Amino acid sequence: MTRNVAGLLTGRRTKYLIIVFWLIVVAIAAPLAGKLTSVEDNEAKSWLPGSAESTQVLDKQTAFSSPDALPAVVVYERPSGLTDADKAKVAADVQKFGQLGDLDGQVQGPAFSTDGQAAQIYVPLNLGPEGWDRAGDIVDSMLATGEAGANGLSVHITGPAGSAADSAAAFEGIDSTLLFATIGVVVVILLFTYRSPVLWLLPVISAGVALTCAQAVIYLLAKHADLTVNAQSSGILTVLVFGAGTDYALLLVARYREELRRHHDRHEAMAVALHRAGPAIIASAATVAVGMICLLFAETNSTRGLGPVAAIGIVVGLAVMLTLLPAMLVTVGRWIFWPVRPKEGTAEPTTTGLWAKVGGRIARRPRTTWITTSVVLALLAIGIVQLDATGLTNKESFRGNPDSIVGEEVLARHFAAGVGTPVAVVSNAGQAADVRTAFAGTPGIEPSSVTEPRVSNGVAYMEGTLTAPPDSDAAYDTIDSARDRVHAVPGADAQVGGQTAINLDLQRAARHDRNLIIPIVLLVVLLILGVLLRAIVAPLVLVATVVLSFAAALGVSALVFRHIFGFGGADSSLPLFVFVFLVALGIDYNIFLMTRVREEAARHGTKRAALVGLAATGGVITSAGVVLAGTFAVLATLPLTAFAEIGFAVAFGVLLDTIVVRAVLVTALNLDIGRHMWHPSKLAKVPDEQPTAAAPEPAQAVR
C-alpha cells in the first residue's frame with residue numbers, strides 16, 4: 001500500500017502534477033500568509049486564562065474605562081534638584097499632552113517628589129484595539145515633546161504605554177529577522193552536510209513553501225475561528241517549520257541517496273526511500289503534532305494557542321516534505337548531488353563511517369556505557385535547583401535597558417513604586433464602602449491613593465497604588481493580601497485585578513499548565529511509541545531517556561542562565577515549552593533510529609541491528625539535530641530574555657539528545673537489553689547475532 005502511494009507521488013508524470021499543485025497552493029496562500037501579523041493579538045487579555053480573577057476584573061472594568069486604555073507616566077528627574085525652569089517646563093508639557101488626540105480622560109499632574117528631584121505626569125491614553133502596535137509612535141512623540149528644551153532634565157516614559165512601546169519595538173521585524181536568520185543557519189548547515197553547492201536549495205524551497213502555507217492556514221483560523229496567535233507563537237512557528245521540515249528533508253534525502261546506490265532508476269529509488277523512511281517520518285511528525293495539541297489543555301490562552309499553531313506547522317511541513325520535495329528531487333535527477341553523485345553499485349559510506357566506529361566501541365562494554373552516560377546526565381540535571389522559573393520582571397524581560405525600565409527605576413527612587421500601574425478592585429455597589437476600607441488597609445497599598453468608588457449598573461470600581469515595584473515579589477504578596485481582605489467582605493463579591501494581578505495570575509496558570517500537560521504529553525508519546533514499535537519495553541526505555549535528556553538540558557541551561565548570561569530568572573512558561581519541544585522532537589530522533597533498528601532486527605537480531613541502525617542513521621540524525629538546534633538558537637537574536645532562554649535550552653537539549661542520548665545511551669541500551677526491547681512482540685524471539693558488523697543488508701533484501 002505505502003509502496004504504491006510512494007510510487008504514485010514520484011511517478012514519471014505525476015511528479016509534475018505534484019509540483020504544479022504546490023505552485024498553485026503557494027500562489028493562493030502567499031497573500032494570506034502576509035496578513036498573519038494583522039490578526040496577532042498581543043494584548044494582555046489574550047494571554048490570560050478566562051477563569052483568572054484579573055481577567056474577570058478586566059471584563060467588569062469596561063463599564064468604567066475603555067478596555068483599550070493604555071496610560072503613560074512621564075517622569076522627569078534632575079538629581080541636583082528641579083529648578084524653577086524645570087517646573088515651568090513640566091507644567092507646559094502638561095498642557096501639550098492634554099492636546100493629544102488619544103486621551104481617555106484628563107491629564108493628571110504634575111506631581112513633584114518630596115525630595116525635589118523629580119516630577120511625574122499621568123497621561124491616560126486610549127489607543128484603540130491596536131494600542132500595542134500604535135504605542136511606539138505615540139510614546140516617541142511624547143518623548144520628543146518632553147525632551148524639547150529640557151536643558152539637561154532627563155525625561156522618560158514608563159507605565160503600561162511605555163512598556164507596550166518597548167515590547168512592540170523588541171518584536172518589531174521579528175518575522176523577517178527570524179526568517180532570514182533561520183534560512184541563513186539552515187543554508188550553512190546544509191552546505192556543510194551535503195557538500196553540494198545546489199542540493200540545499202530544494203529543502204530550503206520546500207521549507208519556504210511549508211511556512212507560507214502554514215501561515216495562510218493559521219491566518220484563516222485566527223480570522224474566522226478565534227485561534228489566538230501572538231508574536232511569540234508566530235516566531236516559534238517560523239523556527240519550528242524550518243527546523244522540523246529540514247529534519248524531515250535530511251532523513252528522506254539520506255534514504256534516497258542510499259537507495260540510489262541500489263537502483264538504476266531514480267524514480268524507483270525514491271519510491272523505495274519513501275516506502276522505507278516515510279512511515280518513520282510520518283510517525284515522528286504525528287508525535288510532535290499530537291504533543292503540541294496537548295497544549296490545548298493549558299489554561300493560559302497564549303500557551304493554548306501555540307498548540308494548534310505549532311501542530312499546523314508540523315503537519316503542513318510534513319505534507320510538503322513528503323510530496324513536493326520528492327517530486328523535485330526525481331525531476332532534477334542525480335546531478336543535484338554534485339560533486340559526489342551516488343552511483344548504482346557503489347558502497348554505502350555509512351557502513352565504515354564515524355558512527356559505525358562509535359557503535360563498535362560502544363559494543364565492547366554497552367552496560368558500562370549506558371550506566372556511565374546516565375549518571376553524567378543525572379548529575380547535569382541537578383542544576384535544575386538553580387532554575388528560578390517564577391517569571392521575569394519588566395527589567396529582566398529585556399536584554400538591555402529600554403526607556404520604560406529606566407523610567408520605572410526613576411519612579412521607584414522618588415515616588416511610590418506602583419504609580420502608573422494601579423491595582424483595580426471591583427465589587428457589588430452596596431458593599432463598596434466596606435471593600436474600600438479593607439483594600440486601603442492592606443499592607444503594601446498606599447492608603448491615601450485609594451480612589452472613591454465609582455458605581456455603574458450595581459458594580460463599584462476603585463483603584464489603589466502599590467508601595468512596591470509592580471512586578472516585584474512584594475507586589476505579588478500585596479495582591480494576595482488584598483484579595484484575602486476584600487474576599488472576606490460579606491456579600492461584596494469583590495475581585496482584585498490590574499497589571500500586577502495579571503502577571504501573578506499568568507505565573508500561576510503557567511505552573512498549573514506545566515503540572516497538567518507534562519504527564520499528558522508523556523502518556524501520549526508512550527502510547528504512540530507502543531503502537532509504532534509494537535512493544536512495551538522499548539517505549540518505556542525510550543521515554544525514560546528523553547526525560548533524562550530534558551532534565552539534563554534544563555539543569556545545564558539553569559546554570560548558564562544564572563552564571564554566564566546573568567539572567568535574573570526565567571519565564572514561568574519555560575519548563576513547559578522546553579519539555580514539549582525536547583520530548584516531542586527527541587522522540588522524533590528515537591523513532592528515526594528505532595524504526596531502522598526494528599527493520600534490521602527482523603533479519604539480524606537486535607544487537608547487530610543496533611549497530612546497523614546507528615551506522616545508517618547516526619550521521620543524518622546528527623545533521624538533523626544540528627539544523628534544529630541552529631534554528632532554535634536563532635531565537636537568541638531577539639532582544640527578549642524569554643526567547644533567548646527558550647532558544648538556548650532547546651538548542652542545547654537537541655544537541656545533547658542527538659549526539660549523546662540517541663547515539664550513545666540508546667544504542668548501548670539496545671545492545672545490553674537486546675531482543676527483550678521488543679517484548680511482547682514476536683521480534684523479541686528473534687535470536688541476537690553477535691554485534692560485529694554494521695553493514696546493512698544488500699539491495700535485494702531491502703526492497
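In this predicted model, Arg 598 lies over the face of Trp 678, at a distance of 5.8 Å from the ring centre. A second arrangement of this kind is found where the charged end of Lys 87 sits over the ring of Phe 112, 5.8 Å from the centre of that ring. Aromatic rings also meet one another, and a search of the whole structure finds 12 aromatic pairs. One aromatic cluster is formed by Phe 561, Phe 565, Phe 567, Phe 648 and Phe 652. A pair of aromatic rings is described by the distance of the centres and the angle of the planes.

The overall frame comes next. The protein contains 24 helices and nine strands, and its C-alpha atoms fill a box of roughly 90 × 50 × 50 Å when this is taken along the principal axes. For 703 residues, a compact globule would have a radius of gyration near 27 Å, and the value of 29 Å for the protein agrees with this. Of those 703 residues, 57% count as buried. Among the contacts between residues at least 6 apart in sequence, 80% join residues that are at least 24 apart.

Helix α5, which runs over residues 84-97, has 14 residues and reaches 20 Å from its first C-alpha to its last, close to the 20 Å expected at 1.5 Å a residue. Which residues of α5 are buried? They are Asp 86, Lys 89, Val 90, Asp 93, Val 94 and Phe 97. These residues lie on the same side of α5, because they cover an arc of only 150° around the axis. An α-helix has 3.6 residues a turn, so residues three or four places apart point the same way. On the other side of α5, Asp 84, Ala 85 and Gln 95 are exposed.

Helix α13, residues 324-332, is mostly covered, with seven of its nine residues buried. The buried residues of α13 are Leu 324, Leu 325, Pro 326, Ala 327, Met 328, Leu 329 and Val 330, and what covers them includes α2 (14-33), α9 (201-224), α10 (231-260), α11 (266-293) and α12 (301-321). After α13 comes Gly 333, whose phi is positive, near 85°. In helix α18, which spans residues 432-440, the buried residues are Ala 432, Val 435, Ala 438, Phe 439 and Ala 440. The buried residues of α18 pack against the strands β5 (423-428), β6 (445-446) and β8 (459-466), and also against helix α19 (473-487).

Two leucines show how burial can be followed at single positions. Leu 504 lies in helix α20, residues 499-533, and counts as buried because its relative accessible area is 4%, below the cut-off of 20%. Leaving aside residues up to four places away in sequence, Leu 504 touches Tyr 476, Ile 479, Asp 480 and Arg 483. The C-alpha atoms of Leu 504 and Asp 477 are separated by 9.5 Å, these two residues being 27 residues apart along the chain. Leu 70, by contrast, is found in a loop, the one between α4 (53-61) and β1 (72-77), and Leu 70 is buried too, with a relative accessible area of 13%. From C-alpha to C-alpha, Leu 70 and Leu 125 are 5.1 Å apart in space, although 55 residues apart in sequence.

The backbone deserves a look as well. Most residues other than glycine have a negative phi, and most peptide bonds are trans. Where, then, does the model hold a residue other than glycine with a positive phi? Asn 151 has a phi near 50°, and this residue lies in the loop between α6 (131-147) and β4 (154-158), where Asn 151 counts as exposed at 70% relative accessibility. Asp 493 likewise has a positive phi of about 50° although it is not a glycine; Asp 493 lies in the loop between α19 and β9 (495-498), and is exposed with a relative accessible area of 57%.

Cis peptide bonds are the remaining backbone topic. The bond from Gly 109 to Pro 110 is cis, with omega near 5°, and Pro 110 lies in strand β2, residues 108-112. Another cis peptide bond joins His 679 and Pro 680, with omega at about 10°, and Pro 680 lies in the segment after α24 (641-673).

Note on methods
Residues numbered from 1 in each chain as written. Predicted model: local features only at pLDDT ≥ 70, side-chain atom pairs only at ≥ 80, totals over all residues. Heavy atoms only, no water. Helix = DSSP H or I, 4+ residues; strand = E, 2+ residues; numbered from the N terminus. Buried < 20%, exposed > 50% of the residue type's maximum accessible area, 1.4 Å probe, protein only. Expected span 1.5 Å × (residues − 1). Arc of directions from axis to C-beta. Phe/Tyr/Trp six-rings, centres within 6.5 Å; stacked < 30°, edge-to-face > 60°. Lys NZ or Arg CZ within 6 Å of the ring centre and 35° of its normal. Rg over C-alpha atoms; globule rule 2.2 N^0.38 Å. Contact = heavy atoms within 4.5 Å.
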